[in-house]
Amino acid sequence: MAGCFCITTRSNRMSGYEFTAIEKKWQRYWQENSTFHQPNPGDPYFKPDRPHLYVLDMFPYPSGAGLHVGHPEGYTATDIVCRYARMKGCNVLHPMGYDSFGLPAEQYAVEHGVHPRKTTEENIANIERQIKMFGFSYDWSRRIATTDVEYYRWTQWIFLQMYNSWYDEADDRARPISELVHLLESGEYVVDLLDRAVPSGTLGIDAITGEPVGSRMWHELDVDQQREVIDACRLAYMDEVPVNWCPALGTVLANEEVTNDGRSERGNHPVYRRALKQWMLRITAYAERLLADIEIVDWPEPIKIMQRNWIGRSDGAEVTFPLANNSGESLDVFTTRPDTLFGSTYMVLAPEHPLVETLTTNEQRADVEAYVAQARHRSELERTAETKDKTGVFTGAYAINPVNDEQIPIWVADYVMMGYGTGAIMAVPAHDERDFDFAQTFNLPIRPIIKRRDEAAPRYVGALSGEAFAKVYSVWQQDPASYPKIRGLYFGGFWDAADDGTSLFQPEDVSTQWIAEHPDVPKGFIVVGKDGMAALLGAAGFKAESEPFALCVADLNEELELVDSGPINGLSPDDGKETITTWLEDEDLGRASVNYKLRDWLFSRQRYWGEPFPILHDVATGAIHPLSEDDLPVRLPEMDDFSPEASDEADRPPRPPLSRAAQWRLVAGVVMDDGTARIEEDFPVQELFADGVDVEQAMQNVLDAGMEPVDDPETLLAPRTVTVDGRERQLRLFTRELNTMPQWAGSCWYYLRYLDPENHDRFVSPEAEQYWMGVDNDKAGGVDLYVGGAEHAVLHLLYSRFWHKVLFDLGYLSKPEPFHKLFNQGMILSFAYKDSRGITIGPADLEMTDEGGETVAYHKTTGEQLQKVVAKMSKSLKNVVKPDDVIGRYGADTFRLYEMFMGPLEAAKPWNTNDVPGIFRFLQRVWRMILGDTDNGIEPLLGETASDDVEKALHKLIQKVGEHLEAMKFNTAIAAMMEFVNGVFKAGTISRSQAERFVLLLAPLAPHIAEELWQQLGHADTLAYEPWPEYDEAMIVEESVELPVQVNGKVRGRVTVAADAAEDNIVATAKNEPNVADSIKGKTIVKTIVVPGRLVNLVVH
RNA sequence: GCCGGAGUGGCGGAAUUGGCAGACGCGCGGGAUUCAAAAUCCCGUUAUGGCAACAUAGUGUGGGUUCGAGUCCCACCUCCGGCACCA
């Protein structure tokens, strides 16, 4: 490599700044002296009187590829903040760990036939070696990995807390499920017809039929029914839900793990919709609080917006539409626009809607069933591929619009989804684009009920064939004034508003030529009123041939009013919405309602490398029992074959890898009074089978049944008892839960475990949690600074907030939010070079030349000139930069400084290895400034004399570096230090005291060289806890300032005046400046602006 | 389509939030040192014109507000990120 030559030569000769030796030396020193160990309250050496700071990095996923240069960017930033905070006298908690469960490691392990534990350990070792090269000041004694048994036992414990909790809407918090049982037993809560537990005072409303329903008391239910009610309330529950099933990976995936085109994020395999019984977490119960508490955290606004959008609150109404068949049944719809009820001309049900089957008429049944079946089997890919075209079928049934008693047809279409609202909509094609498209496709009536206040009637679009359109358009263009006003043009969904009705904004775009060239684009005129089109055509000498249709999707505002809408005529849409909602409530036809896009979290995966659930399934009854906390952890069984059962078939039943762990799966145990299960380790499972049963065969039957109960348990199993807790209990045969938790589980709470990683009795002690996370006088609480990439904007950050709030509700945590301040570092990009075919050329084939100061890349062999692009680092683009190489050549301090110098931390910016030597030179210069370079005969600038200029510059620097570090503007802090060093070289001298203070300023950014210089300057101890230098305000103010003098806003000269000079004096001096005097000669000064300390501006005529 | 973010020299980026556009670094040019080279130190480096002083233009494009706009307002273009039939 060409670049190597000069570097090698340089480092051979340059023995002054020996970065490799220095960095090794200090990394060892910090480790041996536990320099960065931070004790907890109550620990020896803990200093209670100091302020505290918890600075957290998003922990890495230990992939086989190791770190890329993007990881250390955020880590370096937090390290600087931490080192600075220590020097400012803070107790700093700065831990690091590994998010080591999950698909990538497992997939790698499967592909290479190695156990994931082994690859994970190797990857962690490698990544930790890399992290340690940078000299970060982590407290390594707090290291955790989510795959550690001692860690995941508490992940399982938290799951149990969720399983054993329910969300009390009345109290707006999660409570132990035992309290719900009490409420039900006491009659304070009753069970409605949908098996939901509700306070006895409120009346449940049936979501589908809309009828008020009766309720049952707890004691009216049998034991199984009671269990079902309770299970349906839990925060962690099992449900049969439509899931993303990826047969190639053999697992279900969360929505977030599926790409836009319906493939798996990992591996790009096809994903299918399929109903499967899965573990779910009831995050939707927290939708409102997750939304509200965004307001109390200090996060970047774009991330807050993304979370708000993800939660997706919309306010509207639920409206009940009775069916027209006199059956007494009805349909509930959710709408955000109840003001448009009078414009509803049809209804649409999602294909999965339970009423589709019952209300479809016999004539339509075949069509509907075929459509529903087809919709069900369509994969995500197919669904998104044809987003534009609306499909659907008529059910044959009608509903009655409650506001005007009109009969409207009910359709089934897959543009309505079961998962949102009620799975049914009232369609208002005149004012909703999707409904409009659908109505157009199936020729359904379109009835506009909103118009602009300044127009006589609603707007319509008259659609014409291309030819007819062109004729009318050209006639109209010749004399617009004598025709009815055209409000705009319609080109297949593209609206072009007219400004005054006589001319269009961009008439050149709609030339007759354009019209001729685009025969397939539908075209129309936007006119006012139903007759507007006829009038226009008539005036142009044509006969009206097409039916007018309407679409008005203007924003709600006072410029609009409702028409043909009975009692709300003349109201604005906003007022109409309010009025009609009240009316609906009074008439018992509907009610105000809020909906969220957020769905419950699909929490199980059919994979090996994840946390096992602490759940047992009773083989005889199928009942689910949570494990007793005393039986945690549930360890992953050792398996030789841990691969998932991948398949090409979309409908194959999932068989999790854990189902093959026969020894591990079947356990004997008892059920305690509170419903938890305890395992009887010593009791052989075989003895639970009845006498005379072929045990081996019977066990196989149980195993084959998966987590379902076996047939005929009475003959298969023997009644055996054992005494536990002083009572004789029946021994049960259990099979363990075979699913595992998704990768996000471990990362949901790792920031809590760092606080108290060795605790064997609790996931975190209250003392540690309150000290580090319970920020005083702050509602939110949480980690003081959390730095990571924006790719976790919704998933990890939303899931963590959810878990945190659950644990907060249950009394385990002191504040409601996990991360108080969040900072997203920008992505580090890289240059790549492409040839004319768009193929990336790797660095080995590049030839860079300089052409008039401009660097141009050519292909080494073909000589073709290449195009430079900036892109994400990826193997396929051959533009990946590895930190190891850079550190090997220039050292960790240079690497750290370079990444911080590239630009603002939050900005995406391209890596450019050619810029690194500039930073390296700076550090060499610092070294030579203080110690010289004896090998090259360079004397240090360190001396006895303390230059006043240097002293002044140093005070300014202390102020500036402090401010910029606190604002995390590291690039400008470094630039300021470079300027200072340049200044010292000009002055030719720096005193020992000045050098020492400078070294302390440099220390957070380039800690190794700073420690070495500090030691060479005669200090025995680390500088990590040296007080940050102070600056003197008096040293910073200048006695005189140079002001630019502007004439009419243009700089014509500069004058130097005393800093406290009077305005009159400044102006007088300014006018005397020769060039300025020249510019104002013979002109009158009409205005004089003096900005103190900034500039003078003379306005002249 | 919707929601974010960003466009400044050959390059990465500064600009105290309305006050000297281009700090600092890279690259490039020149000089000192050296037998020579590397390294180092110093000077210059937005463009155009001029020996120079200086003049003119200039922060994606077009308009506006202002004594003064990279920064504020309106319209548009390009790139990056996220979401996407959410009723």
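Where does Asn 1048 lie? Keep that question in mind as you work through these exercises on a predicted model.

**Exercise 1. Place Asn 1048 and describe its backbone and its exposure.**

Step 1: Find the neighbouring elements. Asn 1048 sits in the loop between strand E44 (1040-1047) and strand E45 (1050-1058).

Step 2: Check the backbone. Asn 1048 has a positive phi of about 50 degrees, although it is not a glycine. Most residues other than glycine have a negative phi.

Step 3: Judge the exposure. Buried means under 20% relative accessible area and exposed means over 50%. Asn 1048 has 45% relative accessibility, so it counts as partly exposed.

**Exercise 2. Do the same for Asp 172.**

Step 1: Look between strand E5 (165-168) and strand E6 (173-176); Asp 172 is in that loop.

Step 2: The phi of Asp 172 is near 55 degrees, a positive value in a residue other than glycine.

Step 3: With 41% relative accessibility, Asp 172 counts as partly exposed.

**Exercise 3. Work out which residues of helix H7 are buried and which are exposed.**

Step 1: Start with the buried residues of H7 (residues 177-186), which are Ile 177, Leu 180, Leu 183 and Leu 184.

Step 2: Ask how they are arranged. They cover an arc of only 110 degrees around the axis, so they lie on the same side of H7. Here a general point helps: an α-helix has 3.6 residues a turn, so residues three or four places apart point the same way.

Step 3: Turn to the other side of H7, where His 182 and Glu 185 are exposed.

Step 4: See what covers the buried residues of H7. The cover includes E5, E6, strand E7 (189-192), strand E8 (197-199) and helix H8 (223-233).

Step 5: Look just past the helix. Gly 187, just after H7, takes a positive phi of about 85 degrees.

**Exercise 4. Describe how helices H10 and H25 meet.**

Step 1: Compare the axes. Those of H10 (residues 301-311) and H25 (residues 795-809) come within 10 Å and cross at roughly 70 degrees. Angles of 65 to 115 degrees count as roughly perpendicular, so H10 is roughly perpendicular to H25.

Step 2: List the partners. From H10, Ile 303, Gln 307, Trp 310 and Ile 311 meet Leu 797, Leu 798 and Arg 801 of H25.

Step 3: Sort them by class. The contact has 5 nonpolar, 1 polar and 1 charged residues.

**Exercise 5. Find the cis peptide bond that leads into Pro 633.**

Step 1: The bond runs from Leu 632 to Pro 633, with omega near 0 degrees. Most peptide bonds are trans.

Step 2: Pro 633 lies in the loop between strand E28 (624-626) and helix H19 (662-665).

Technical notes
Residues are numbered from 1 along each chain as its sequence is written. Chains are lettered from A and ligands numbered from 1 in the order in which they are written. This is a predicted model: local features need pLDDT of at least 70, side-chain atom pairs count only at pLDDT 80 or more; totals for chains, interfaces and linings use all residues. Side-chain values use heavy atoms; hydrogens and water are left out. Axes are lines fitted to C-alpha atoms, for helices over the stretch in contact, and angles run from 0 to 180 degrees between N-to-C directions. Helices (H or I, at least four residues) and strands (E, at least two) are DSSP runs, numbered from the N terminus. Angles under 35 degrees count as roughly parallel, over 145 as roughly antiparallel, 65 to 115 as roughly perpendicular and the rest as oblique. Contact means heavy atoms within 4.5 Å. Ala, Val, Leu, Ile, Met, Phe, Trp, Tyr, Cys and Pro count as nonpolar, Asp, Glu, Lys and Arg as charged, and the others, Gly among them, as polar. Buried means under 20% relative accessible area, exposed over 50%, partly exposed in between (1.4 Å probe, protein chains only). The arc is that of the directions from the helix axis to the C-beta atoms.
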